[in-house]
Amino acid sequence: MRVHQYIFGKDGGAEKFFVHLVGALARRGVEQTAVMRWNRRWKPDVEAHAKVIESNFRNLSIDRILLPMKVLSMAKRDKADAIISWSTRGARLMPDYKGGIKLSRLGDYPTHLGYFKNSDILVCNTPGIADHVRNNLGWTRGVEVISNFTDTSVVAPISRSVADTPDGVPLIMTMGRFVKRKRFHLLIEAMAAVPDAYLWIAGDGEEREALEAVMREHKMENRVRFLGWHKDTRPYLAAADIFIMPSSHEPLGNVIFEAWAQSKPVISSRSEGPSWFMRDGENGLLVDIDDVPGYSHAINQLIADPQLAASLGEKGRATLVGQFSEEAVANAYIELFKRKP
């Protein structure tokens, strides 16, 4: 079975899941070609399982003209059984290829359907996105809901000393791209009402300076640590006591899965994805979007009740293993590849 994939994202949850999926499909004997941006930090992980072709596919570049012809020629030459595009830019590259199924994978809510004119099926990673494309945008072709999975291996924690953090203090962690919708600034504010606890923020992005300013405004310099980007965040998650995702908009929430893999209790906003798979008080704690006192209360609640924190971590991991396993997700994709348009 031969599959071509097009992805032009940078560094985020979709790209991390893409790497996981490429590996899972390769372990099941699928031959893959990936068209992706130049010099991505995760390129070596993709190259281990797939042929890689690099292009930025920008409007003002020769590739904007030549790449569509190239990918159609490759699909015909390889007799690709399936083509998967990731997000809107990947969908714009989708050729009018008749030899196999054409899938566009959606990890967010599209604003219109113009990108998907050559797609047979939209693969949505939550039921909410599937409802949106059907009911709000009027998509009449195929729709499938296949969620993400993550590596469930339990790893040893990294020493807290790498981020100048003492042992024995409550350690809270969050991670993602530094953009406004992630609401990391509100989490820094919330931490000001959590005495003695430290906050690790993994990632980077355009809001870095703004976040540092919020840290200084709330006099949190001694308790907030910016970790930067890390290819493998699992040892950092393993070292933390609590994970928080405060986003105002989060279609799924891959980072929650990564925290659950290390059996960490999770506090999340009531954004779209977490509201689907989290149950407040059962496998995590949910807080209203932008509710700073609510985050402070939830953090202090878990610090004061280690038994509750441990239970939420265990049940979170059980949810991950039961609903979002590699076996179920990879097999669902392979079944789609077998369909002919």
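These legends go with a set of close-up views of a predicted model.

**View 1. Arg-28 and Glu-327 hold hands across the chain in a salt bridge.** The closest N and O atoms of Arg-28 and Glu-327 are 2.9 Å apart. The two partners come from distant parts of the chain, with their positions 299 residues apart. Arg-28 sits in the loop between helix H1 (13–27) and strand S2 (31–36), while Glu-327 belongs to helix H13 (residues 326–337). Arg-28 is partly exposed, at 27% relative accessible area, and Glu-327 is partly exposed too, at 46%. The pair also has company: Arg-27, Arg-28, Glu-326 and Glu-327 are linked in a network of salt bridges. For the wider picture, a search of the whole structure turns up 27 salt bridges.

**View 2. Glu-144 meets Arg-339 in a salt bridge.** Here the N to O distance between the side chains is 3.0 Å. Glu-144 lies in strand S7 and Arg-339 in the segment after H13, so this pair ties together parts that are 195 residues apart in sequence. Both ends get some solvent: Glu-144 is partly exposed with a relative accessible area of 25%, and Arg-339 is partly exposed with 38%.

**View 3. Asp-232 pairs up with Arg-234.** This salt bridge has its closest N and O atoms 2.9 Å apart. Asp-232 is partly exposed, with 33% relative accessible area. Arg-234 is partly exposed as well, at 21%, which puts this residue just on that side of the line because buried means under 20%.

**View 4. Ile-267 and Ile-299 have the most contacts inside the largest nonpolar core.** This core has 31 residues. Each of the following supplies at least two of them: helix H6 (184–191), strand S9 (198–202), helix H7 (208–217), strand S10 (224–228), strand S11 (242–245), strand S13 (285–287), helix H11 (292–304) and helix H12 (306–323). H6 gives the largest share, 6 residues. Zoom in on Ile-299 and, leaving out residues up to four places away in sequence, you find Ile-172, Leu-187, Met-191, Val-194, Ile-242, Ile-244 and Ile-267 touching this side chain's residue. There is a second, separate core of 30 residues, and Val-46, Ala-50, Leu-103 and Ala-330 are among its members.

**View 5. Thr-174 is tucked away in strand S8.** How buried or exposed is Thr-174? Its relative accessible area is 0%, so Thr-174 counts as buried. The side chain of Thr-174 reaches the backbone oxygen of Ile-244 at 2.7 Å. Setting aside neighbours within four places in sequence, Thr-174 is in contact with Phe-184, Leu-187, Leu-199, Trp-200, Ile-201, Ala-202, Phe-243, Ile-244 and Pro-246. Ile-244 thus shows up twice in this view, as the polar partner through its backbone oxygen and in the contact list.

**View 6. Four nonpolar residues make a patch on the surface.** Ile-62, Ile-65, Leu-66 and Met-69 form this patch, and together they have about 420 Å² of accessible area. Met-69 is part of helix H3 (residues 63–78). At 51% relative accessibility, Met-69 counts as exposed, though only just, because the cut-off is over 50%.

**View 7. Ser-159 and Ser-161 share a polar contact.** Their side chains are joined at 2.7 Å. Ser-159 lies in the loop between S7 and S8 and counts as partly exposed, at 40% relative accessibility. How many Å separate the C-alpha atoms of Ser-159 and Val-71? The separation is 46 Å, for two residues that are 88 residues apart along the chain.

**View 8. Asp-164 and Ser-263 each have a positive phi without being glycine.** For Asp-164 the angle is about 50°. Asp-164 is found in the loop between strand S7 (142–145) and strand S8 (171–175), and with 57% relative accessibility this residue counts as exposed. For Ser-263, phi is near 60°. Ser-263 has its place in the loop between helix H9 (254–261) and strand S12 (266–269). At 30% relative accessibility, Ser-263 counts as partly exposed.

Methods:
Residues are numbered from 1 along each chain as its sequence is written. This is a predicted model: local features need pLDDT of at least 70, side-chain atom pairs count only at pLDDT 80 or more; totals for chains, interfaces and linings use all residues. Side-chain values use heavy atoms; hydrogens and water are left out. Helices (H or I, at least four residues) and strands (E, at least two) are DSSP runs, numbered from the N terminus. Buried means under 20% relative accessible area, exposed over 50%, partly exposed in between (1.4 Å probe, protein chains only). A nonpolar core is a set of buried Ala, Val, Leu, Ile, Met, Phe, Trp, Tyr and Cys residues joined through side-chain atoms within 4.5 Å. Contact means heavy atoms within 4.5 Å. A polar contact is a pair of N or O atoms within 3.5 Å; within protein, one must be able to donate a hydrogen and the other to accept it, and residues adjacent in sequence count only if both atoms are side-chain atoms. Patches are made of residues with over 30% relative accessible area and no salt bridge: like charges are joined within 9 Å, nonpolar side chains (Val, Leu, Ile, Met, Phe, Trp, Tyr) within 5 Å. Accessible areas come from the Shrake-Rupley method with a 1.4 Å probe; for residues, only the protein chains shown count as cover.
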